[in-house]
Amino acid sequence: MLKSKIAGIGMYVPANVVTNKDLEKLMDTNDEWIQERTGIQQRRYAHRTDETTTTMGVEAAKIAIERAGITAQDIDFIIFATLSPDYYFPGCGVLVQRALQMKEIGALDIRNQCSGFVYALSVADQFIKTSMYKNILVIGSEKHSFGLDYTTRGRNVSVIFGDGAGAVVLQPTANEQEGILSTHLHSDGESAEILAMFNPGTHANHWANKNYATFNKAEIGDMFLSHDMINNAEIYPFMDGPSVFKKAIIKFPEVIVEALSKNGYTTEDLQLLIPHQANLRISQFVQQKLKLTDNQVYNNIQQYGNTTAASVPIALCEAWENGKIKQGDLVCLAAFGSGFTWASALIKWA
Ligand code: UT7
């Protein structure tokens, strides 16, 4: 049976570096708190108008396509993972198709937040294994900076996130010993509301104290997006950080071990773990729990913050560019986040 291999990989981060000290000017926070609780030293913020989630994804994609030795016209499917799309709809996939003047291929958007890229990779893997497509472009990209609460009220969330993009081109390989060995996807919607952005949305919260019969056009518009929502910061991401943390440190090790066991490996066989860069303390906890050495885990949250769907491909690309991944290495990608959703992919690097 065919397997999928990563034939090309690329990343793009905006030039604009925002340090913890820069954030101190906006809200009651400090470099010491941010570094101690998250490991983050700085992050990148996209240019207000010239860089969007799509344009960053396109830049990462161009590099991945070139490294795969193909052209954009050879791509036969696009999968784009993000929680910060250019438009509410349509998704970013079609914008990539237009920007790179690709053929009239399929474009799919994935909304799985921090697990988005690993979910996207898994979907692409299935299409390759069944021979439906030969060159799939998988992108994870985020422009968080446009939608964070930069007052003290939002400090627990806003100091964490950064912007950037990563992309891979997936191709088939007939060599059963290489490529993506397996992917593992999970969810638990019980805690959907503890890490979420509620508005604009069609949920019923804003309808609760209103009388249906008296609704007029203006009120209906208000329920979708109102000044109250903006004033009460209900248009920003909400996170109960400690609860997310507690679940993350259980599910990360579980899904990593699941991927290794499924393929007859143990943690000792692993050359590199690329965890979603949620918080350096989470990565360190996972490393300790699985008894992995420093050389077996790649972290770059210190430089980029948490870039959600982009964090895994950015870390994977940087690790590869730094020579930390060689042919034949066993590499595990793992992610956990809003939903909750979590996922892993085990790869024998080709
Ligand atoms: O990638 C998606 C998944 N997300 C995650 O995995 C995030 C998981 N959670 C976390 O990473 C951590 O919970 C945070 C980094 C978000 C927060 O760290 P924490 O150690 O859990 O802090 P906390 O929320 O319990 O807050 C502790 C204190 C509070 O003050 P009091 O009540 O003790 O006086 C907060 O108000 O820290 C305060 N605080 C801050 N202080 C300075 C919260 N944010 C900040 C801030 N600067 N930015």
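Which helices each supply at least two residues of the shell around the ligand? In this predicted model, they are helix H2 (31-38), helix H6 (155-158), helix H9 (241-262) and helix H10 (280-289). H9 gives the most, with 4 residues.

Take the shell as a whole. It holds 21 residues, and the closest are Thr29, Arg37, His276, Asn279 and Asn306. By class, 11 are nonpolar, 7 are polar and 3 are charged. Two domains take part. Domain 1 (3-173) and domain 2 (179-193 + 238-348) each provide at least three residues of the shell.

Now look at individual contacts to ligand oxygen atoms. Arg155 places a polar side-chain atom 3.0 Å from an oxygen atom of the ligand. For Trp33, an N or O atom in the side chain sits 3.1 Å from a ligand oxygen. Pro242 uses its backbone instead: an N or O atom there lies 3.4 Å from an oxygen atom of the ligand. The ligand taken alone exposes 950 Å², and the protein buries 73% of that.

Turn next to strand S4, residues 77-81. This strand is mostly covered, with 5 of its 5 residues buried. Cover comes on both faces. Phe77, Ile79 and Ala81 are buried on one side, and Ile78 and Phe80 are buried on the other. S4 also has a partner. It runs parallel to strand S5 (residues 106-110), and 5 bridges join the two. Within this pairing, Ala81 of S4 stands opposite Ile110 in S5.

Definitions and conventions:
Residues numbered from 1 in each chain as written. Predicted model: local features only at pLDDT ≥ 70, side-chain atom pairs only at ≥ 80, totals over all residues. Heavy atoms only, no water. Near = heavy atom within 4 Å. Polar contact = N/O pair within 3.5 Å; in protein donor to acceptor, adjacent residues only side chain to side chain. Areas by Shrake-Rupley, 256 points an atom, 1.4 Å probe, with all protein chains shown as cover. Nonpolar A, V, L, I, M, F, W, Y, C, P; charged D, E, K, R; others polar. Domains from an automatic or database assignment. Buried < 20%, exposed > 50% of the residue type's maximum accessible area, 1.4 Å probe, protein only. Pairing = 2+ DSSP bridges.
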